[in-house]
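Trainee: I would like a close look at a single part of this model, the salt bridges. Please go through them in one connected answer and add what surrounds them.

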Amino acid sequence: MTHPPHSSMLSPCPASSKHHRSGTARRDATMGWGGRFLRTTSGFRVGVARPLCAIRRLAVVIGLGVSISVGGAVSAMGREPLGESRAAAPLFLAQGTMSGEVTATTVLLQTRLTADPGPGLNQQHDIDGAIGYVRFAYGPAEEISANDQADAADETQDPLAWQRSARLTEWQAVDAEHDFIVRVELTDLQPATRYLYRAIFTADKDVLDDDSVSIGEAASFLTLPEPRSGASVRFCMGSCMNYHSFMSGVANGGGPVTATEEDRLLGYPVFEALRDLEPDFFIGTGDIVYYDHPAQTAARTLPELRRKWHEQFRFPRLKEFFERTPVYWSKDDHDFRFNDADLMGAREPSAVVGIDLFREQLPLLPADDHDSPSYRTHRINRHVQLWFVEGRDYRSPNREPDGPEKTIWGAEQKQWLQETLRASDATWKIIITPTPMVGPDRASKRDNHTNPEGFRHEADEFFAWLKAEGIDNVLTCCGDRHWQYHSVHPLGVEEFCCGALNDENSIRGVRPGANGSTDPEGLIEQPYLYSEPTGGFLEIAVEERLGNAVLTFRFHDDHGVVLYETNKQSPLD
C-alpha cells in the first residue's frame, strides 16, 4: 500500500424572518452557564458575559480557589475588559471553541488562545496566538439550565451550586509549536445528552488572581444516541468555503456575488441558516480553506498556511455555530495543498505539511496523534452508519493511467472499507467522500472517481463489489463539486453533492449526457440539479415514523430555503 508521508514538522445577509426557526428560545436556554444573547439590528446574536460577581462565585465553586475576571459585552470587534486594566497583556479566544468527532460517550474539545480579540484582523492580516494555559469545565445542560433559572430568580442565592459536581480537565500548556491550539478528549459521557462547556484560560496557572484568569463563552455539544437506538438524528453537510471570493466580491466560477459589507464583518450568511436549523452535528467535507486562492498570493509557508485558518474561523457567525454544533471534518485538495493536488511534486506546501496541518487545525484526532488514519466510521443510530474516507493521503499520482493499480483510497483503506461495510447491519450506509464517485463531472479533470482519466476504475470496481456482495442501501455524499445534485449510478448507488457553502463559490453544474462531461452517453440518472447557482448545504434526517425508518435528504440555499427534498423508507423490524 501507499503510506501517507509523515513528519514532526507540525507536532502537536442574515436570514429573513420567514426562515426563522422556533428553536431560538430553546437554544438560548441551553446557552446557560453565564451566557446570554443580545440581537443586533441585523438579527445577529452577540454573546454577553455573566456579571463579574457571579463569575467570581464560579471560581470558588469549581475549585480554582481564586476570583475570576472576564470581559464584559462581546462587541463586533471583540471583548472589552471590565474593571481595572490587566497587569499582563489580555488573552482572548478570537476563534471561539469547537467540538469534534462526537460519539455516544466521547468528544474532542478545542480552542486557540490568542493575543488579538478578533473578529477584526491585525496589521499582519492575522489573529496572533498567545502563550498560556487552558482547561475546560463541562457538565450536562439540564443541570446547568435549571440553576441558571434559579440565578435569574434570586441573585442572593448561590446560582452555580450545580458546578460543585462539574468536571474539569487538566491545565494544558499553550505554545507556538502547536499554533497555540489546545485539544482535549472527554470520555465517559452519557449518550444522547447535551453538555455545556467553557474554556478557562490564563497566562500562568501557578499565579491565579482576579486579573489573570478568564472564562470563554458557553458552548455545547450533543452526544450521539446509543448505536442500537432508534432515536431521531438530523445533521447538515457543506464544503468549498472560499474566503477570497467571499471577501473580494469576485466570483469563483460564475456564481452570484451577494455578500454585503455586513456579511464580510460577520461571516458567511449560510451559518445563520445552519444555526437556525439546530442540527445535531455538521460535516465539513473538504476545502474548508483555500491555500491557493488568490493564486498570486497563494499560501506556501507555515505562517501563511496557518493564517488561512485563523482568518476563516474568526467570523462571529462561524464561531456561534461551531460553539454549539459538533463537527466531523474531511480534507480535499485546497485545504491539503492546491487544486487537484496529489502526493507528488516539490511545489509548496508539501504533502507532509498538508497532512499534518489539517490534523493540527481541526479536532479530527486527539492532540499529537500522528499515527491513526484519518479514515473512520461512526454509527449514528440503529439505522445510519457513516464512513469518512480519506481522499488525499494514499492516492496514486493523478496522471498515472487509470487501471486496477491506480487508487485514491490505497489498499489498506479499501480493505477496511469493505470489511466494515460487510460487518454493518445499519439500514443505510452513507459514505462521506470529499470528491464525487457518481457525478457527472467535467471530463477534463483527473483527480476523482468519476473521471475516465482519473480514478474511475476504482469506483466502478467498488460499485460492482457492493452488488456482488449483496450490500444494499449504500449511498455516497460528497463535496468538492460547487453545485448541488442528486444522481444515481447505473449500478444503483445514489450520490448527494452538497455544493459550495457561499454564493460566490457556486457553479452552474454538469448534467448527464452533456458534451464534455464524464457521462456523455447519459447513463446516469439525475433527479435533481439546482436550476441556478447558489451557496447552500445538504440536510439529512433519520427517524422512525408510522412503522418505517425514514431517511430524508433536503438541499437548502444559503438562506435556508429548501430547494429539493427526497426520502427513503424501510420497514422496521
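Mentor: What follows covers the salt bridges, then a helix pair, then one strand residue.

The model is predicted, and it holds 33 salt bridges. Side chains of opposite charge can pair when their charged atoms come close.

Take R228 and D425 to begin with. Their side chains meet in a salt bridge, with 3.1 Å from N to O. R228 sits in the loop between β13 (219-222) and β14 (233-238), while D425 sits in the loop between α10 (411-423) and β19 (428-433), so the pair ties together parts that are 197 residues apart in sequence. R228 has a relative accessible area of 55% and is exposed, because the cut-off for that class is over 50%. D425, at 47%, is partly exposed.

Another salt bridge is formed by E323 and R324, at 3.5 Å from N to O. Both of these residues are buried.

E453 and R446 also pair through their side chains, with an N to O distance of 3.2 Å. E453 has a relative accessible area of 48%, which makes E453 partly exposed. R446 is partly exposed as well, at 29% relative accessibility. There is also a network: D332, D340, R392, K445 and D447 are joined into one by salt bridges that share partners.

Now to α10, the helix named above as one flank of the loop that holds D425. α10 packs with helix α11 (residues 456-469) at an angle of about 25°, and their axes are 12 Å apart. Angles under 35 degrees count as roughly parallel, so α10 and α11 are roughly parallel to each other. The crossing in which α10 passes α11 is right-handed. On the α10 side the residues that meet α11 are K414, L417, Q418, L421 and R422. On the α11 side they are E458, E461, F462, W465, L466 and E469.

The last stop is S487, a residue of strand β21 (residues 484-488). S487 counts as buried because its relative accessibility is 0%. The side chain of S487 makes a polar contact of 3.1 Å with the side chain of Q526. Q526 is also among the residues in contact with S487 once neighbours within four places in sequence are left aside. That list further includes V438, G439 and P440, then V493, E494 and E495, and also I524, E525 and P527.

Technical notes
Residues are numbered from 1 along each chain as its sequence is written. This is a predicted model: local features need pLDDT of at least 70, side-chain atom pairs count only at pLDDT 80 or more; totals for chains, interfaces and linings use all residues. Side-chain values use heavy atoms; hydrogens and water are left out. Helices (H or I, at least four residues) and strands (E, at least two) are DSSP runs, numbered from the N terminus. Buried means under 20% relative accessible area, exposed over 50%, partly exposed in between (1.4 Å probe, protein chains only). A polar contact is a pair of N or O atoms within 3.5 Å; within protein, one must be able to donate a hydrogen and the other to accept it, and residues adjacent in sequence count only if both atoms are side-chain atoms. Contact means heavy atoms within 4.5 Å. A salt bridge is a side-chain nitrogen of Lys or Arg within 4 Å of a carboxyl oxygen of Asp or Glu. Axes are lines fitted to C-alpha atoms, for helices over the stretch in contact, and angles run from 0 to 180 degrees between N-to-C directions. Angles under 35 degrees count as roughly parallel, over 145 as roughly antiparallel, 65 to 115 as roughly perpendicular and the rest as oblique. A crossing is left-handed if the near helix is turned anticlockwise from the far one by less than a right angle, and right-handed if clockwise.
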